[in-house]
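Visitor: I am new to protein structures. Please walk me through this one, a question at a time.

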Amino acid sequence: MISDRTQMQLDFTEQKTEGRFVMYCHSEALKGDGIRESLNTYNTFVWNKGEEQTVWIDEIPYTFPEQAILPLMGNQHFRFEHPPQLVAWKFNREFYCILDHDQEVGCVGFLFYGIRTPFFITLNAKEAENFEKLQSTLVDEFGERDRFKGEMLRSLLKRLIIKTTRLGKSQTESCHDLADHKLDLIRRFALLVELHFRQQHEVRFYAESLNKSAKTLSNLFALYGQPSPSKIIHDRIVLEARRLFLYTDKSAKEVSFELGFANPEYFSRFFKSKTGNSITVFKSRK
């Protein structure tokens, strides 16, 4: 077992592909720079092994429970109240592309790019023990020096993703009642929104892309206990607008065009209706 006082950062990079896999053990360096590092992004799993603490995701505070796993995406800016209590694994697309391997791990549109965020996945004593073993195995593998190291680390990462996905589904009540093909439809919708929200603001586009009617999607999301598809689209637009205002110096006009609004005045009204604040007031508070 690895002591909770052991601080380390283990790093593996493949020279040919620039694939990178990093493991943080109780390190103050653990954070995410979100869209500030948009050209070099990493998906991350963070495990809180200590008492509950605060995590700030895009400047919004959340309570991170003890013995819980938190998946975080590369476009999220995040920091923690007590990083030394945490163990984390981050990887870039070149090391393991969850989109290309979704048939293997089934996490796209659920753990990552999903409509439930943040997603805190709690561990009972037995599950925590299993993650301790996986952590120890990963530490050992990072220390190897042979040509199989990359593939072994990829296999262990895949195991980490599958274990977390299984736990996440077991802790999502609606997943127990939905057939796999319905859950896959929700996941595909979530991914389409992530790919197209800057240009496509209407439910019709997503429904047609999925060969479904807008009403069918609305009924499915109601069954899943989630907001309507239109609200999910609008919330994603607002989230990106907040990020751009927080972490860049772009003007309201530039942000409106980047998010697919031809009329900046309409975008300003849209932003205020969804957040309760004008763009001027929001930017003044950052």
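Visitor: Which elements are among those that cover the buried residues of H2?
Guide: Let's start with the words: helices (H or I, at least four residues) and strands (E, at least two) are DSSP runs, numbered from the N terminus. Buried means under 20% relative accessible area, exposed means over 50%, and partly exposed lies in between, using a 1.4 Å probe and protein chains only. Covering here rests on contact, which means heavy atoms within 4.5 Å. For the buried residues of H2, the cover includes strand E1 (8-13), E2, E4, strand E7 (68-72), strand E9 (86-91) and H3.

Visitor: What kind of model is this?
Guide: Residues are numbered from 1 along each chain as its sequence is written, and side-chain values use heavy atoms, with hydrogens and water left out. Local features need pLDDT of at least 70, side-chain atom pairs count only at pLDDT 80 or more, totals for chains, interfaces and linings use all residues, and what you see is a predicted model.

Visitor: How far apart are the end C-alpha atoms of H2?
Guide: The expected span of a helix is 1.5 Å times one less than its number of residues. H2 covers residues 125-142, which is 18 residues, so it should span 26 Å. The model agrees, because the end C-alpha atoms of H2 are separated by 26 Å.

Visitor: How many helices and strands does the protein chain have, and how compact is it?
Guide: Counting the elements gives 11 helices and 10 strands. For compactness we use the radius of gyration, taken over C-alpha atoms, and the globule rule, which is 2.2 Å times the number of residues to the power 0.38. The rule gives 19 Å for 286 residues and the chain has 20 Å, which is close, so the protein chain is as compact as a globular protein of that length.

Visitor: What share of the contacts with a separation of 6 or more comes from residues 24 or more positions apart?
Guide: Some background on the protein chain helps: 48% of its 286 residues count as buried. Its C-alpha atoms fill a box of roughly 55 × 45 × 40 Å along the principal axes. Among contacts with a separation of 6 or more, the share from residues 24 or more positions apart is 68%.

Visitor: How are H5 and H7 oriented where they pack?
Guide: Two packed helices are described by the angle between their axes and the distance between the axes. Axes are lines fitted to C-alpha atoms, for helices over the stretch in contact, and angles run from 0 to 180 degrees between N-to-C directions. Helix H5 (residues 180-196) and helix H7 (residues 214-223) pack at about 110 degrees, with their axes 11 Å apart. Angles under 35 degrees count as roughly parallel, over 145 as roughly antiparallel, 65 to 115 as roughly perpendicular and the rest as oblique, so H5 and H7 are roughly perpendicular.

Visitor: Which residues of H7 does H5 meet?
Guide: From H5, the residues taking part are Lys 182, Leu 185, Ile 186 and Phe 189. Their partners in H7 are Leu 217, Leu 220, Phe 221 and Leu 223.

Visitor: How many residues of each class are in the contact of H5 with H7?
Guide: Ala, Val, Leu, Ile, Met, Phe, Trp, Tyr, Cys and Pro count as nonpolar, Asp, Glu, Lys and Arg as charged, and the others, Gly among them, as polar. Sorted this way, the contact has seven nonpolar, no polar and one charged.

Visitor: Is His 26 buried or exposed?
Guide: His 26 lies in the loop between strand E2 (20-25) and E3. Its phi is near 55 degrees, a positive value in a residue other than glycine. With a relative accessible area of 2%, His 26 is buried.

Visitor: Is Asn 211 buried or exposed?
Guide: Asn 211 sits in the loop between H6 and H7, and its phi is near 60 degrees, again positive in a residue other than glycine. Its relative accessible area is 70%, so Asn 211 is exposed.

Visitor: Which residues does Thr 41 touch beyond four places in sequence?
Guide: Thr 41 belongs to the loop between strand E3 (32-33) and strand E4 (43-48). At 35% relative accessibility, it counts as partly exposed. Setting aside residues up to four places away, Thr 41 touches Gly 74 and Asn 92.

Visitor: Is the peptide bond from Thr 117 to Pro 118 cis or trans?
Guide: Pro 118 is placed in the loop between H1 and strand E10 (121-122). With omega near -5 degrees, the peptide bond from Thr 117 to Pro 118 is cis.
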